[in-house]
Amino acid sequence: MKDSKLVKYIAELGPRDRERLRQLVQSPFFNQHKPTIDLLELVLKSVAKGDAPLNREKVYQKIFPKSTFDEQKLHNVMSNLKKLFHRFLAIDYIEKQPLLEDLYTLEATFERNQFELMNNRAKLLEKHLADQKYEDYFFHHAHYRMDYNLGYYGGHYVDRTKTETFQAMLDHLDRSFLIEKLRNCCHLTANSMQVNTHYDFGLLTPLLEHIQSHYIDTPASDQDWSIRLYWTILQTMRDEGNPVHYLELKKMLNESFDHFSPEAKQDLYGFASNYCIRRSMMGDEDYKRELFDLYKRGLETKLLLSNGMITEYNYKNIATLGGNLREFDWTENFLQEYKMLLPVSKRDNVYNYNLAYLFYNKKQYKQVLSNLLHVQFTDVMYYLNSNFLMLRTYYALKDTEALMSLIETFRIFVMRNKKMSPSQRKEYTNFLRFAKKLVELKHHGMYTRSVLEEKLKALRAKIEATDSVINRSWLLEEVGG
């Protein structure tokens, strides 16, 4: 049974969920087949002890001690346990959703014509809906299903002339559909921009016109905030050059943040940040400051944290941008304050590298080299980033001997490293070739000013004409200096 996916899935459950699975399998309501109970016990015992993979024949003998081994018979027991495992997952999911159990109970009473009980459950569901903090897709969908059942019950058995429930049903159906349609279009539009994919968004164009006239150009209500959010996010990508949409997202972050569910808050923050990144990459320097302010907002609201931890990538991005914007005091405080929220296995490396980068921005070059001594090259990217930072530091110190030695060592590493892709290798070898030429011209060459300017101009033209060059901006900056 070493290749059994079922055993693997059960092993992935936490101790509490394994016990709850045991309770379900042992419940006569769900299962009255003793071999299935016995099989689960063997699996749970093996998982808890971390034993070697279960042997099929031995498992069969423990389940059916008086029978010779029958592969199909064991398969049937495992199939039954798999169905119960799937049922456990479904029940666990329903129990974790605040509205689903109430909604399914209501729909079951309608299906069974238990209308007195249905009305009783509807009142409870209405109370739970009223207690919901966010009017998102799940809120509107649950409201739609409740009004659907109450509306058709009333139309058949009470008074078909009353239309209020049906109208509420239609309104909530529209809102749930529009929110989910827009949200998916936002994420898939972002995906198509990143990896050059294409999607047919169907009804999106006429829907956007309808949304603008019915939801955007009218005063906002609590029920419309999710629609307004995803409409605005979509516009930042479809009409990227118009900053009014980003400003609206920024306004939502500052003034309407509490209207949104945790998922919507993540989308609001994430898409606003991505817009700033795209604009800054296009050369709009003002958006670097915007992005920096968003990073600070993300830290304040904990949107940048996951289970109380910060990823090394967010930590690096924030520290890099803070240093580039010369926000030295804030950045140093950030590095210290959030160091302990980094994953333990990478904490020291991430901290020392980013502190070295901050010292570089502060032109404290000896501290850069001192901190880089504490960075261990646990993966290729740490080697590449650290050596690039060291190269720039030697260049700033005009330590030509150390610099030329590093360039050669760096080149040999890139050529021999099998974990780098051919395109990465080409980008780095081109960079190192141009860096060596730059050093030879600026630090070694005995040229008149006019001759040096001509040679630097020619080097700049070569750098600009070469497609694959990592850290091109630094080379161009130094060539033009």
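What follows is a walk through three helix pairs, the largest pocket and two loop residues of this structure, which is a predicted model.

Helix packing is a convenient place to begin. Two packed helices are described by the angle between their axes and the distance between the axes. Helix 10, which covers residues 204-216, packs with helix 11, residues 225-238, at an angle of about 125°, and their axes lie 11 Å apart. That angle makes helix 10 oblique to helix 11, and helix 10 passes helix 11 in a left-handed crossing. On the side of helix 10, the residues that meet helix 11 are Leu204, Thr205, Leu208, Ile211, Gln212, Tyr215 and Ile216, and their counterparts in helix 11 are Ile227, Arg228, Trp231, Leu234, Gln235 and Arg238. Sorted by class, the contact of helix 10 with helix 11 holds eight nonpolar, three polar and two charged residues.

Further along the chain, helix 12 (residues 244-255) and helix 13 pack at an angle of about 140°, with their axes 10 Å apart. Because angles count as roughly antiparallel when they are over 145 degrees, helix 12 and helix 13 are described as oblique to each other. Their crossing is left-handed, and the contact is made by Tyr246, Leu249, Met252 and Leu253 of helix 12 together with Leu268, Ala272, Tyr275 and Cys276 of helix 13. In this contact of helix 12 with helix 13, eight residues are nonpolar, while no polar and no charged residues take part.

The third pair is formed by helix 19 and helix 20 (residues 400-416), which pack at an angle of about 160° with their axes 9 Å apart. Helix 19 and helix 20 are therefore roughly antiparallel to each other, and the crossing of these two helices is left-handed. From helix 19 come Tyr383, Leu384, Asn387, Phe388, Met390, Leu391, Tyr394 and Tyr395, which meet Ala402, Leu403, Leu406, Ile407, Thr409, Phe410, Phe413 and Val414 in helix 20. The contact of helix 19 with helix 20 has 14 nonpolar and two polar residues, and no charged ones.

Helix 13 and helix 19 appear again in the lining of the largest pocket, to which each of them supplies at least two residues. Helix 14 (286-300), helix 15 (312-324), helix 17 (347-361) and helix 23 (472-480) likewise each supply at least two residues of that lining. The largest pocket has a volume of about 1500 Å³ and is lined by 38 residues, of which Lys316, Thr320, Asn324, Tyr357 and Arg392 lie nearest its centre. By class, the residues of the lining divide into 18 nonpolar, 10 polar and 10 charged.

Two asparagines in loops complete the picture. Most residues other than glycine have a negative phi, and most peptide bonds are trans. Against that background, Asn113, although it is not a glycine, has a positive phi of about 60°, and Asn113 lies in the loop between helix 6 (100-111) and helix 7 (115-131). Asn471, also not a glycine, has a positive phi of about 55°, and this residue is found in the loop between helix 22 (449-465) and helix 23, where helix 23 is one of the helices that supply residues to the lining of the largest pocket.

Terms used: Residues numbered from 1 in each chain as written. Predicted model: local features only at pLDDT ≥ 70, side-chain atom pairs only at ≥ 80, totals over all residues. Heavy atoms only, no water. Axes fitted to C-alpha atoms, helices over the stretch in contact; angles between N-to-C directions. Helix = DSSP H or I, 4+ residues; strand = E, 2+ residues; numbered from the N terminus. Parallel < 35°, antiparallel > 145°, perpendicular 65-115°, else oblique. Left-handed = near helix turned anticlockwise from the far one by under 90°. Contact = heavy atoms within 4.5 Å. Nonpolar A, V, L, I, M, F, W, Y, C, P; charged D, E, K, R; others polar. 1 Å grid on protein atoms, 1.4 Å probe; cavity = no way out; pocket = protein on both sides within 12 Å on 5 of 7 lines; lining within 4 Å. Points joined across faces, edges and corners; volume = space filled by probe spheres on them.
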